[in-house]
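Here is a short report on one protein chain. Keep the structure open beside the text and find each residue as it comes up.

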Amino acid sequence: MTSFRPSQASPGVLTAGAVTFTVFAWASAFVSIRSAGAAYSPGALALGRLLAGSLVLGALLLVRRQGLPPRGAWRGILVSGVVWFCGYTVALNWGERLVDAGTAALLVNTGPILMALLAARLLGEALPPRLLSGMAVSFVGAVVVGLSMSSGGSGASTSVLGVVLCLLAAVAYATGVVAQKPALSFGTPLQITAYSCMTGTVACLPFAGQLVRELPGAPLSATLNMVYLGVVPTALAFIAWTYALARTPAGRLGATTYAVPAIVVLLSWAFLGEVPGWLTLFGGALCLAGVAVSRYRPRPAGSPAAASDPVRPEPGRPARTADGSRAVT
């Protein structure tokens, strides 16, 4: 009988912790964007957020003594930086000026559906029935959350432009994740995140004039929310995300973000005084149930570790996870 070693479980625990932190940080971003967006225009808020994130990530690069990533990572970095860090951020900031936080979370979290489909088409990842079932349950829950919040007496109306902008943000989110996944086989999560963020910052420089004009007149709370968006949901959460993405298929990892609308409800309740109704709570429970279904992997009898450990590759062949998708080594 072999003894249990803590090191055998630590990679899975670290990955789960990274996913949990990312989901909560990204959920808090919806609330912070609503607050900061009252004082900053979408482009200025995006640039300020990415500047703060780039400063933190640049400092971490120096501390960890990690230089430029290899040449093979730059295609994914550039696409992710321009499309995800810049395009997603500007579109979401603009969209949240026109729709409430719950509706925005619903629309943006259609991204994992696109992500799983793109990952299957471009990265060769599997689409197991369990993942598809979990995505379907979570999407129904997200629809319930969005509808209950958008019609919940707060006076917020769902504009067509706001819906389109949030859907564009979802497309940018899915495209950026799928582009970033191959880059992680060349560089570290910190390198990929830092240089993607810096690329997004450069792409947002046309909004520098707006940021300079709006910064002196903005209240301190809005500026602190902008800095928070750069440090936590951008810098720290994206490091955690890329750490998990390097160890999890993109489609499966994307399904976990369906928990975001449920957490947005709780944060809006706590910080904005928006009390959710029973329909909203029911939708949030469905979101979490779908995440649980999509991430559940039954273990074969007599082989406790077989379902969760990557399959060891033959020499010269890429590793594959237990569900048949390529694993980053």
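## The largest cavity and its lining

Helix 1 gives the largest share of the lining of the largest cavity: four residues. This helix spans 6-36. Helix 3, at 74-95, also supplies at least two residues of that lining. The model is predicted, and every value here is computed from it.

How much space lies in the largest cavity? About 150 Å³. The lining counts 14 residues. Closest to the centre are Trp 26, Phe 30, Tyr 88, Val 108 and Tyr 173. Sorted by class, the lining has eleven nonpolar residues, two polar ones and one charged one. A search of the whole structure finds three cavities of 30 Å³ or more. Why roll a probe over the atoms? A probe the size of a water molecule shows where empty space is left.

## The chain as a whole

Which kinds of secondary structure does the chain have? The count is 13 helices and zero strands. Read from the N terminus, the elements are α from start to finish.

The chain has 329 residues, and 51% of them count as buried. Now take the contacts with a separation of 6 or more. Of these, 87% join residues 24 or more positions apart.

## The largest nonpolar core

The largest nonpolar core holds 68 residues. Which members touch the most other members? They are Phe 30, Trp 84, Tyr 88, Leu 92 and Trp 241. Two of these names have come up before: Phe 30 and Tyr 88 are also among the residues closest to the centre of the largest cavity.

Several helices feed this core with at least two residues each. Among them are helix 1, helix 2 (42-64), helix 3, helix 7 (160-183) and helix 8 (189-203). Helix 10 (220-245) is on the list too. Its share is the largest, at twelve residues.

## Ala 91 in helix 3

Ala 91 is found in helix 3. Is Ala 91 buried or exposed? Ala 91 counts as buried, because its relative accessibility is 10% and the limit is under 20%.

What does Ala 91 touch, leaving out residues up to four places away in sequence? The partners are Leu 165 and Ala 169. Gly 43 makes another useful landmark. Gly 43 and Ala 91 are 48 residues apart along the chain. Their C-alpha atoms are separated by 8.8 Å.

## Two residues in one loop

Look next at the loop between helix 2 and helix 3. Arg 65 has its place there, and Gln 66 is found there too.

Start with Arg 65. Its phi is near 55°, a positive value in a residue other than glycine. Most residues other than glycine have a negative phi. Arg 65 is exposed, because its relative accessible area is 77% and the limit is over 50%.

Gln 66 counts as buried, because its relative accessibility is 18% and buried means under 20%. Which residues does Gln 66 touch, not counting those up to four places away in sequence? They are Leu 61, Thr 188, Leu 190 and Gln 191. With Thr 188 there is also a polar contact between the side chains, at 2.6 Å.

Conventions: Residues numbered from 1 in each chain as written. Predicted model: local features only at pLDDT ≥ 70, side-chain atom pairs only at ≥ 80, totals over all residues. Heavy atoms only, no water. 1 Å grid on protein atoms, 1.4 Å probe; cavity = no way out; pocket = protein on both sides within 12 Å on 5 of 7 lines; lining within 4 Å. Points joined across faces, edges and corners; volume = space filled by probe spheres on them. Nonpolar A, V, L, I, M, F, W, Y, C, P; charged D, E, K, R; others polar. Core = buried A, V, L, I, M, F, W, Y, C linked by side-chain atoms within 4.5 Å. Buried < 20%, exposed > 50% of the residue type's maximum accessible area, 1.4 Å probe, protein only. Contact = heavy atoms within 4.5 Å. Polar contact = N/O pair within 3.5 Å; in protein donor to acceptor, adjacent residues only side chain to side chain.
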